[in-house]
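Visitor: Please zoom in on the ring contacts and charged pairs here, and go through where each partner sits and how much cover it has.

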Amino acid sequence: MQSSDRRVETLARHIVVVPDTSEGVERVDCAAQSHRSLPRFDSVVLEHFLDDQRSLKLEVYELFRQHPELLPAVYEGMPKEEHRELVRKQLRVVLAAGYSPMKFFAKDYKKYFYLGELLALVDLSLTVKMGVQYSLWGGSICNLGTERHRKQYFDDIDKFRLPGCFAMTELRHGSNVAALETEAVLDLATDEWIITTPDDGAIKWWIGNAAEDGRACTVFARLKVPVPERDGMLADHGVHALVAPLRDSKGEILSGVEIRDCGYKAGLQGVDNGSIRFAGLRVPRDNLLDRFASVDRSGNYTSPYSPGKRFGMTLGELTGGRVGLTSSSIGILKGALTIALRYSAQRQQFGPPEAPEISVLDYQSQRQKLLPLLATCYGLHFARGVLVAKYEEAKATKDDEIVADVHAMSAGLKAYTTSYTANALSVCRESCGGHGYAAVNRFGCWRSDHDIFQTFEGDNTVLLQQVSAMLLKRYKDQFSGAPLQASYTYLRQWASDALPPNPLVSHDTTTRHLRDSSFLIRSLRYRTARLLHTAAARLRKHSRKMGAFHAWNRCLPHLLLLARSHVESLILDANLKAVSACPDPECRKSLKALADLFALQRIHDDILFAHADYVAPDKAKAIQRLIEQLCSELRGVALPLVDAFAIPDHILRAPIGLSASQQHGQQYNEYLAAVGWELGA
């Protein structure tokens, strides 16, 4: 369908729905005071602003329109073997259409991460399997190996001729990578590494692609080489990455390797997770991925970096996985909000006496559940764009400071986004009542599949601590005169921002002031700077008494708040810059309202602002009233705001949230048909 036709159809649909619901709002006694709605806008115009790779979306989703057999209505109850085969077929269809995820990941990062967002709504198992194959297995070859490794493996990984794994996590160790116990001992006589699992706690666990498909893996093991003239003594050089074969060309498991299927999980049944034990597997010395360290024929270990620096650089090269998870999580959040808001707009319950029932979205409670989620979703969308651009810059420049900035930003956004989406999925399900519990409406499988996003590629609590550690380092840097990256420049403002607030400002309740972008961004930055200053002071105090480790543990809740606060500052900054860049005035007004709602909700909910006298009680009440007003104004444009995500019905697949269900009198047609009722019978 041409863009002009879509525009007419979209606008016509909104015109049908809104008069009925807005009329109800004016009559209902329990609703908030009615506020003027934001101006209507063309959702297609906003879609083009949000999505500068729209052509890829149209192509990929059209590909799956041509393969409806790959888009089941329900995943619950599907045997894991059947789901795994489905995911293989989905991936092969993508590859057969000419898409090259491996080449995207190596050269066009933006396209790779966007493809992950698109495919998340097809099947999260597909996105995760693609991430294992290309971002983890392929990415480790490209980023930790040298040109020799890339030439040897790249094409086979790209075409899925060499399915592979990323064997890092062990039964006993996950987040603490430095403590992994799998060993790779150099045999000088044969010029081979002998890879061994020393005990059951070191069995590789939850390894994607391992149970059925994986023919090789990048295994993380302690690199041990003989010490010259010290018979039998081995030098432990810490954890390194090596390529290890797992199966032959016929799929038979090799001697020296044992693999077990991890079985059914809480979700992602389409990913074949397995556990691996190595029993003296021998691989050539050249299988060491030696970009950061090498071992020669005589067993001499060399690295231009200190052990800590080398280890940090090794893990730093794996941040692409976190960027990918952030993108996929945002895709799921967009899908969930599209369903919940469309359903809430057409679902009618109760009403004033002798009057029609009203839309549930016209109740304050429903608006204040869903519209702040939508505001955050938009903020995360724009922040992810900043992260991807900075990731591209880090890859292009290899500048240490930019790389460190990307590491902290990707850790923070991955942790914040995946935790937020996990909670939002439950809120969206609840907002759709009993019908949200139907498997066909997708909240159930999304909650189960997405839940692990909070754990893999870095546990969220651990990642947030990495953000806080980076902030504390930057805080220390400012006193030494070191330059600050753009993401941290506001920390220089601490001295002035920490002064007692101006009473005139802390009591200013005018809407103009509360919606002033400078007030909003300054407020969130003030919170981060204050938390940082007090965290540094507490750590210094407790470190003198109990040592650094126990001091950190003592301050851990404080440090997690600090990290989340910093991430929210970054989200708002990206959001407000996007508002300024939007060329369409009607779209820009709605985007500004979303950004304001995001920031005001954080200011209202954080007791720090009240304790610091930054927001006086009368101002807090004014903020609450303004939040209610913004939710009321955004209600009128909620549907075009989710329509701008442009998720086709055949991809969304939730009968209660399809665009077709928004037509007058057709709210339940798709839902009835999905469970076998003949319409009009």
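**Rings and charges, close up**

Guide: Let's start with Phe292, which counts as buried at 5% relative accessibility (buried is under 20% relative accessible area, exposed over 50%, partly exposed in between, with a 1.4 Å probe and protein chains only). One caveat: this is a predicted model, where local features need pLDDT of at least 70, side-chain atom pairs count only at pLDDT 80 or more, and totals for chains, interfaces and linings use all residues. Residues are numbered from 1 along each chain as its sequence is written, and side-chain values use heavy atoms, leaving out hydrogens and water.

Now the rings. There are 16 aromatic pairs in the structure (Phe, Tyr and Trp rings, the six-membered one for Trp, with centres within 6.5 Å; planes under 30 degrees apart are stacked, over 60 edge-to-face, the rest tilted). In one of them, Phe49 and Phe382 have ring centres 6.3 Å apart and planes at 55°, so this pair is tilted. It joins distant parts of the chain, with Phe49 in helix 2 (residues 43-50) and Phe382 in helix 11 (residues 364-397), 333 residues apart (helices, H or I with at least four residues, and strands, E with at least two, are DSSP runs numbered from the N terminus). The partners differ in cover: Phe49 is partly exposed at 24% relative accessible area, while Phe382 is buried at 10%.

Back to Phe292, whose partner is Tyr305: this pair is edge-to-face, 6.0 Å centre to centre with 70° between the planes. Phe292 sits in the loop between strand 8 (274-284) and strand 9 (294-295), and Tyr305 in the loop between strand 10 (301-302) and helix 9 (307-316), so the contact ties together parts that are 13 residues apart in sequence. Unlike buried Phe292, Tyr305 is partly exposed, with 32% relative accessible area. Elsewhere, ring pairs link Phe105, Tyr109, Tyr112, Phe113 and Tyr391 into a cluster.

Helix 11 is worth another glance, as Ala375 lies there too. Ala375 is buried, at 0% relative accessible area, and its C-alpha is 8.5 Å from that of Asp596, although 221 residues separate them in sequence. In the loop between helix 11 and helix 12 (400-431) you'll find Lys398, which has a positive phi of about 55° despite not being a glycine. Lys398 is exposed, at 53% relative accessible area.

On to charges: the structure has 45 salt bridges (a side-chain nitrogen of Lys or Arg within 4 Å of a carboxyl oxygen of Asp or Glu). Asp52 and Lys110 meet in one of them at 2.5 Å, N to O. Asp52 is in the loop between helix 2 and helix 3 (54-65) and Lys110 in helix 6 (residues 109-120), so parts that are 58 residues apart in sequence are tied together. Here Asp52 is exposed at 58% and Lys110 partly exposed at 32%.

For contrast, take Lys129 and Asp272, bridged at 2.8 Å, N to O. This pair links Lys129 in helix 7 (residues 124-144) to Asp272 in the loop between strand 7 (257-261) and strand 8, 143 residues away, and both partners are buried. Lys129 and Asp272 also belong to a salt-bridge network with Arg84, Glu85, Arg88, Glu212, Asp213 and Asp261.

Strand 8 itself carries Arg277, bridged to Asp200 in the loop between strand 3 (192-196) and strand 4 (204-207), so parts that are 77 residues apart in sequence are tied together. The closest N and O atoms of Asp200 and Arg277 are 3.2 Å apart. Both are partly exposed, Asp200 at 45% and Arg277 at 26%.
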